[in-house]
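Biologist: Let's go through this model together. I ask, you answer.

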Number of protein chains: 2
Amino acid sequence: MSTSTANDVRRAARLFHALSDETRLSVLEMLRDGERCVCELQDELDAAQSRLSFHLKVLKDAGLVIDRKEGRWVHYSLNPETFTELQDTVAGFKPSRRAMPLRRGAACCD
Amino acid sequence: MSTSTANDVRRAARLFHALSDETRLSVLEMLRDGERCVCELQDELDAAQSRLSFHLKVLKDAGLVIDRKEGRWVHYSLNPETFTELQDTVAGFKPSRRAMPLRRGAACCD
DNA sequence: CCAACATATCAACGTTTTTTGATTGCCCGG
DNA sequence: CCGGGCAATCAAAAAACGTTGATATGTTGG
C-alpha cells in the first residue's frame, strides 16, 4: 500500500503551495483560535484589502479554510478536515523503516 | 507557549515552498525507501539533468535531503530530522481545542 | 431609493520561480 | 595524460506568483 498516485502528488503540491506564503501562514495562525472576519484580519495583519482577499481565496481553494457570510461580513475559519489530511500527507513522507539498507558499495548505474 | 514568531513563520513558509512542487515531491517519494543517485532519479522521473539538479538543490537548501558523494556519483537521501520538524510544524497549525466558541451573533467590527 | 460599507474580482505590472541548453569541474578507466 | 561520463552551475527565456489600484457586487441603515 501507500504508493502515491500522480493525483496524490498533485493534491499535496497544491496544499503545500497554499502553505508556502508568510501572509497565508499568519492568517492560518490567527484562525487557530477561532473564526475571524476579513476586516479583523486586515487590521491585525495590516494588509491591503485586495491582497488579503487574494490570499484568502488561495487558502479557500486549497480547502484549508471555510467562509461563512453574515450580512455584509464574511467570517473565515479553519477547515479541520484538511488539516487532518495534511498531517496524514506529511506522515506519509517520513522515511520508511526497512528503507536505508540499499545499494551499498555497488556503483549505482550498472 | 506555541506563539509562533515571525521567524517560525518564515521557516515554515520556506519548508512548504520546497514541498510545493510535483517533481520535488516525486523525488522525496522515491527517496522514501532509500538512497538514490541522481542518474536513477533522472531515469525514473525522466527529467532533464539540469532540471533535476535544480530541484535537488531546492530540497537540499531546505534541509529535506542530504547528499553523499561517491566517486563520480552523488547519492541523495532523506534527512529524517527535517521531516520530524515538519510534522511538528504541521501539528502546530491544527485548530486548537477551546477555539471555536467566539464572536457568536455579535457583529465583527463594532 | 440612496449612500456608505465589506468584500470580491479584474487587469496591469514587477518579481520570483522554473525550464532549457550550454558550459564547467570532477573523477575514473585506459 | 586523455576521453568519457556524472553532476553542478550559469544565463536567457518562459511561466507562475503576488501586489496594486480600480471597479463590481451585494448589504445595510437612513
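Biologist: Which element gives the most to the surface near DNA strand C?
Modeller: This is a predicted model: local features need pLDDT of at least 70, side-chain atom pairs count only at pLDDT 80 or more, and totals for chains, interfaces and linings use all residues. Residues are numbered from 1 along each chain as its sequence is written, while chains are lettered from A and ligands numbered from 1 in the order in which they are written. α3 (38-45), α4 (49-61) and β3 (73-78) of chain A and α4 (49-61) of chain B each supply at least two residues there (helices are DSSP runs of H or I, at least four residues; strands of E, at least two; numbered from the N terminus). With 6 residues, the top contributor is α4(A).

Biologist: Which residues come nearest to DNA strand C?
Modeller: There are 24 residues around the strand (near: C-beta atom, placed from the backbone, within 6 Å). The nearest are Cys39(A), Ser50(A), Ser53(A), Ser50(B) and Gly71(B).

Biologist: What relation links chain B to chain A?
Modeller: Superpose chain B on chain A by least squares on C-alpha atoms of residues with pLDDT of at least 70 in both. The rotation is 179°, the shift along its axis 0.0 Å and the RMSD 0.1 Å. That is therefore the relation of a two-fold axis.

Biologist: Which element of chain B gives the most to the side that touches chain A?
Modeller: The contact takes 41 residues from chain B and 41 residues from chain A (contact: C-beta atoms, placed from the backbone, within 7 Å). Helix α1 (6-18) is among the contributors of chain B. The most, 7 residues, comes from α5(B).

Conventions:
Contact = placed C-beta atoms within 7 Å.
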